[in-house]
Amino acid sequence: MNIKKRLLLSNTITVVVPFVITIIAAFLFIFISSTIFNKDVSYGNFKKFVFIKTQLSDTSNIVRNQTSGDMQNKKYQQYLRQRLSTINGEIIILKNSTIIFTSKDLNKIDIEKCLVEGNARSEKRLVEIDTISYMVEVTPIRFIDGNVGNVILIAPVFKYSSILEEFIIFIVAIFLISFIAVNIYMSYLLSKRIIKPLSLLSTAVGEISKGELSLEIIEVGDQEIKNLCADFEKMRIQLKDSIRLKKKYDENRTMLVSSISHDLKTPITSIKGYVNGILDGVANTPEKVDRYLKTIYSKSEQMDIMINDLLLYSKLDLSQLPFNFEKTDIIDYFKYCIHESAPELEKSNIEICLENNLDGLKYIMIDRERLMRVILNIIDNSSKYMDKAQGKITILLRETNSSIIIEIRDNGSGIDENDVNKIFDRFYRADIARSEANGSGLGLAIAKQIVEGHSGTIWAVSHENEGTSILMSFGKILNKGVL
Ligand SMILES: Nc1ncnc2c1ncn2[C@@H]1O[C@H](COP(=O)(O)OP(=O)(O)O)[C@@H](O)[C@H]1O
Ligand SMILES: [Mg+2]
């Protein structure tokens, strides 16, 4: 539910429910008072009650506006009596405390009761005379001779008319109580649905601001709050990613700096040594100078390779190099790779061949240039770490239901079983490799980055002294796309 709807519903309930409760309570009141207490709260009674009250007060007003002479006038007394006859009213005129006219026989106590009740401030002004309830209206008058007196007007009323007032008080009280109760309950519900999720969100945001980014922001509450939570969650993930990326950048920079200073130091030291040799005249024959210069050249070349590898690895690591994927016929592609590397391998007495176990024409999506780098690097490793007089490299192509597996197998020195998984780590080089062969130690780490950039996998299998296999698997294209 959204907040707008919830507020509308809550406000409607706050207004409607107290009304419904009041109406039910009113019916219950009427039912209980009429059946159990035998008190009738009918509208007819109410009307009658009001009519008697207005008649009495109208008559009282007439009396108040008359000259006192009229009060002793028999005709006027009869007129007043006549006027009250519609409500069976009675009239008693007192001069001082003496009755000078009465239409009903009342004893002194009843008259006193009437005077007390009539002068009272209460709204009811009811007296009970001979078990009948009378409404009383007392009007003070002054006679011509200076004496004071009172005109008492009484009219019988239904005995329990007063229940109407109780009824009104009751329903007003019920309405107020239910209104307050419903209000409190609805506010509680609203706070549970709106304020609680907001406070949860505020706690989560507080955690984020402290740098704690691992706590997931759960979507709770109404739609708008859920959306807000989702936005904050997106922000948290982006923030986390950017921090992770920044950390990676930092690590990368540190790695570059440390590896440049460490791995480039060795060739630089030897270049310096050879240059010094030439400058100091240690290389005293043209042949020696030539040998020194050739060594300097090869060391510089090694440095060049290392720097290029480092830069490439660093760019791949930060996903800064876009891949240019093309649909490629695998067999054609590998034939081309063999064609590229065969002449160089021949010099080292290494034979290279393709063993195709694929079922017909097969395509994969690859960045031809980048993957070529990977394959040439693997072939280059096979040639570098070849310890047999007659070397052999075989590229085996086979397939599973969803992928193409490429295995590049050589009959070289093999890799120690414990090191097989380490060769894809950056700068990992087996001890012999470190001491003998040229290289940056980044070749297979770069290969891994590139293969993973193709959503493929790369791994190695060592055949101990019989050679090494580097395997790669790529998703197949089945008619429409990559599987
Ligand atoms: N075909 C292979 N035969 C034996 N050892 C290998 C072979 N390929 C890779 N290695 C080992 O894996 C290490 C990492 O290879 P690589 O990342 O290409 O670095 P580099 O070639 O510069 O040494 C090599 O130093 C070597 O010890
Ligand atoms: Mg290599």
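**Exercise 1. Place Asp222 in this predicted model and describe its surroundings.**

Step 1. Find the element. Asp222 sits in the loop between H6 and H7.

Step 2. Judge the exposure. Asp222 has a relative accessible area of 1%. Buried means under 20%, so Asp222 is buried.

Step 3. List the contacts. Leave aside neighbours within four places in sequence. Asp222 is then in contact with Met1, Asn2, Ile3, Arg6, Arg193 and Ile194.

Step 4. Look at the side chains. Those of Asp222 and Arg6 make a polar contact at 2.6 Å.

Step 5. Take one long span. Asp222 and Ile446 are 224 residues apart along the chain. Their C-alpha atoms are separated by 49 Å.

**Exercise 2. Describe how helices H7 and H8 meet.**

Step 1. Mark the helices. H7 covers residues 223-263, and H8 covers residues 265-280.

Step 2. Compare the axes. They come within 4 Å and cross at roughly 35°.

Step 3. Name the residues. H7 brings Ile260, Ser261, His262 and Asp263. H8 brings Lys265, Thr266 and Pro267.

Step 4. Sort them by type. The contact of H7 with H8 has two nonpolar, three polar and two charged residues.

**Exercise 3. Decide whether Thr59 and Glu137 are buried or exposed, and list what each touches.**

Step 1. Start with Thr59. This residue is found in helix H2, residues 43-65.

Step 2. Read its accessibility. The relative value for Thr59 is 0%, so Thr59 counts as buried.

Step 3. Collect its contacts. Residues up to four places away in sequence are not counted. Thr59 touches Leu80, Arg83, Leu84 and Leu153.

Step 4. Turn to Glu137. Its place is in strand E4, residues 132-142.

Step 5. Apply the cut-off again. At 12% relative accessibility, Glu137 counts as buried, because buried means under 20%.

Step 6. List the partners. With the sequence neighbours again left out, Glu137 touches Leu56, Ser57, Ser60, Arg125, Val151, Ile152 and Leu153.

Step 7. Check the two lists for Leu153. Thr59 touches Leu153, and Glu137 touches Leu153.

**Exercise 4. Classify Ile177 and Tyr336 by exposure, then give one distance for each.**

Step 1. Locate Ile177. This residue lies in helix H6, residues 163-209.

Step 2. Classify Ile177. Its relative accessible area is 57%. Exposed means over 50%, so Ile177 is exposed.

Step 3. Give its distance. Ile177 and Pro18 are 159 residues apart along the chain, yet their C-alpha atoms are separated by 8.3 Å.

Step 4. Locate Tyr336. This residue is in helix H10.

Step 5. Classify Tyr336. At 42% relative accessibility, Tyr336 counts as partly exposed.

Step 6. Give its distance. Tyr336 and Met372 are 36 residues apart in sequence. From C-alpha to C-alpha they are 9.6 Å apart.

**Exercise 5. Examine the phi angles of Asn349 and Phe427, and place both residues.**

Step 1. Recall the general pattern. Most residues other than glycine have a negative phi.

Step 2. Check Asn349. Its phi is positive, about 65°, although Asn349 is not a glycine.

Step 3. Place Asn349. It lies in the loop between helix H10 (330-347) and strand E7 (350-356). At 40% relative accessibility, Asn349 counts as partly exposed.

Step 4. Check Phe427. Its phi is also positive, near 65°.

Step 5. Place Phe427. It lies in the loop between strand E10 (403-410) and helix H12 (431-435). At 19% relative accessibility, Phe427 counts as buried.

**Exercise 6. Build up the surroundings of ligand 1.**

Step 1. Count the residues. Ligand 1 is surrounded by 21 residues. The closest are Asn381, Tyr385, Arg429, Gly441 and Leu444.

Step 2. Find the polar pairs. A nitrogen atom of ligand 1 is 2.9 Å from an N or O atom in the side chain of Asp410. An oxygen atom of ligand 1 is 3.3 Å from a polar backbone atom of Gly443. A backbone N or O atom of Leu444 lies 2.8 Å from an oxygen atom of ligand 1.

Step 3. Read the cover. On its own, ligand 1 has 530 Å² of accessible area, and the protein covers 96% of it.

Step 4. Name the elements. Helix H11 (368-384) and helix H13 (443-453) are those that give two or more residues to the shell. H11 gives the most, with four residues.

Step 5. Sort the shell. It divides into eight nonpolar, ten polar and three charged residues.

Definitions and conventions: Residues are numbered from 1 along each chain as its sequence is written. Chains are lettered from A and ligands numbered from 1 in the order in which they are written. This is a predicted model: local features need pLDDT of at least 70, side-chain atom pairs count only at pLDDT 80 or more; totals for chains, interfaces and linings use all residues. Side-chain values use heavy atoms; hydrogens and water are left out. A residue is near a molecule or strand if one of its heavy atoms lies within 4 Å of it. A polar contact is a pair of N or O atoms within 3.5 Å; within protein, one must be able to donate a hydrogen and the other to accept it, and residues adjacent in sequence count only if both atoms are side-chain atoms. Accessible areas come from the Shrake-Rupley method with a 1.4 Å probe; for residues, only the protein chains shown count as cover. Ala, Val, Leu, Ile, Met, Phe, Trp, Tyr, Cys and Pro count as nonpolar, Asp, Glu, Lys and Arg as charged, and the others, Gly among them, as polar. Buried means under 20% relative accessible area, exposed over 50%, partly exposed in between (1.4 Å probe, protein chains only). Contact means heavy atoms within 4.5 Å. Axes are lines fitted to C-alpha atoms, for helices over the stretch in contact, and angles run from 0 to 180 degrees between N-to-C directions.
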